[in-house]
Amino acid sequence: MRINNIQNSYSFKTNPSFQSFQREIVKPNKGLLYCNDTCFFRNASFWDQLICFLKEKYKNEPKVNVYNYGCSDGSEPLSLVMKILTQEDKELEKKFLPVIAKDIDEFVISKAKSKEFFYLKNDERKKINFYTNGQYRKFFSEIDETNNGCFAFANNDLYKHIDFSVADIRSDYKNIEPENSVV
């Protein structure tokens, strides 16, 4: 698992390494509590490496529990589901799906559960198409296009492979299955 450093500087807010969805939760007298910053297929080389790692590590296991804490608006668990589905391997799907996606923020979980549209910048659309082996249109239905991107819905087939809920990993870790689990 790769964990990127959180940059606590002004430049983090103006130039993050990912961009599709951004939201900051600030509390008076306490400052910034947490951020939701995410996009589809962030950390580009990670996705192919993750699938290879999971296949090898769990090759002898019939079922693996996959948890995504800090799932924000669902971009990352949707990315993982798309990557698994594009492998066209039913055994892989049975083994690693559904993804259990959780976030501390009720607003973003509500957004994910509502299957609300995404604003996808052109480079993000290209990334989705690349990492799904040219299957962008299989997974997204565009509703309006702009100069820099489009508004699109993720197709319902993706959502049936994700279980979204509100949870704080600091207390919810007790609910993680101790065997055959990936967080």
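Where does Phe 117 lie? Select Phe 117 and you land in the loop between helix 5 and strand 5 (118-121). Keep in mind as you click around that this is a predicted model.

**The whole chain**

Before zooming in further, show the chain as a cartoon. You should find 9 helices and 9 strands. Of the 183 residues in the chain, 43% are buried. Now colour the surface by atom type: the accessible surface comes to about 10700 Å², and carbon and sulfur atoms account for 49% of that. As for contacts with a separation of 6 or more, 71% of those in the chain are between residues 24 or more positions apart.

**Stop 1: Phe 117 and its patch**

Go back to Phe 117. Buried or exposed, or in between? Phe 117 is partly exposed, with a relative accessible area of 34%. Add Ile 143 and Phe 153 to the selection, and you have a nonpolar patch on the surface made of Phe 117, Ile 143 and Phe 153. Together these residues have about 250 Å² of accessible area.

**Stop 2: Phe 151**

Next, pick Phe 151, which sits in strand 7 (residues 149-154). Its relative accessible area is 26%, so Phe 151 counts as partly exposed. Now select Tyr 119 as well. Phe 151 and Tyr 119 are 32 residues apart in sequence, yet their C-alpha atoms are 4.5 Å apart in space.

Who else does Phe 151 touch, leaving aside neighbours within four places in sequence? Its contacts include Phe 117 from the previous stop, along with Phe 118 and Tyr 119. Ser 141, Glu 142, Ile 143, Asp 144 and Thr 146 are also in contact with Phe 151.

**Stop 3: Arg 125**

Move to helix 6 (residues 122-131) and select Arg 125. Arg 125 has a relative accessible area of 13%, so it counts as buried. Show side chains here. The side chain of Arg 125 makes a polar contact with that of Glu 142, at 3.3 Å. Arg 125 also forms a salt bridge with Glu 145, where the closest N and O atoms are 3.5 Å apart. That second pair links distant parts of the chain: Arg 125 is in helix 6 and Glu 145 in strand 6 (residues 140-145), 20 residues apart.

Add Arg 137 to what you have selected, and you can trace a network of salt bridges linking Arg 125, Arg 137, Glu 142 and Glu 145. With neighbours within four places in sequence left aside, the other residues in contact with Arg 125 include Leu 120, Tyr 136, Gly 149 and Cys 150.

**Stop 4: two more salt bridges**

How many salt bridges does the structure hold? There are 12. One of them joins the side chains of Asp 172 and Lys 102, at 2.7 Å from N to O. Asp 172 lies in helix 9 (residues 169-172) and Lys 102 in strand 4 (residues 99-103), so this pair ties together parts that are 70 residues apart in sequence. Asp 172 counts as buried, at 9% relative accessibility, and Lys 102 counts as buried too, at 10%.

For another pair, select Arg 170 and Asp 168, whose side chains meet in a salt bridge at 2.7 Å, N to O. Here Arg 170 is exposed, at 63% relative accessibility, while Asp 168 is partly exposed, with a relative accessible area of 23%.

**Stop 5: helix 5, end to end**

Start at the N-terminal end of helix 5, which Asp 105 caps. Look for a side-chain oxygen of Asp 105 lying 2.8 Å from the backbone nitrogen of Phe 107.

Then run along helix 5 (residues 106-114) and pick out its buried residues: Val 108, Ile 109, Lys 111 and Ala 112. Why do they lie on the same side of helix 5? They cover an arc of only 155 degrees around the axis, which puts them there. Just after helix 5 comes Lys 115, whose phi is positive, near 60 degrees.

**Last stop: Asp 89**

Finish in the loop between helix 3 (75-85) and helix 4 (90-96), where you will find Asp 89. Asp 89 is partly exposed, at a relative accessible area of 27%. Follow its side chain: it reaches the backbone nitrogen of Glu 91, at 3.0 Å.

Notes. Residues numbered from 1 in each chain as written. Predicted model: local features only at pLDDT ≥ 70, side-chain atom pairs only at ≥ 80, totals over all residues. Heavy atoms only, no water. Helix = DSSP H or I, 4+ residues; strand = E, 2+ residues; numbered from the N terminus. Buried < 20%, exposed > 50% of the residue type's maximum accessible area, 1.4 Å probe, protein only. Polar contact = N/O pair within 3.5 Å; in protein donor to acceptor, adjacent residues only side chain to side chain. Arc of directions from axis to C-beta. Contact = heavy atoms within 4.5 Å. Patch = residues over 30% accessible without salt bridge, like charges linked within 9 Å, V, L, I, M, F, W, Y side chains within 5 Å. Areas by Shrake-Rupley, 256 points an atom, 1.4 Å probe, with all protein chains shown as cover. Salt bridge = Lys/Arg side-chain N within 4 Å of Asp/Glu carboxyl O.
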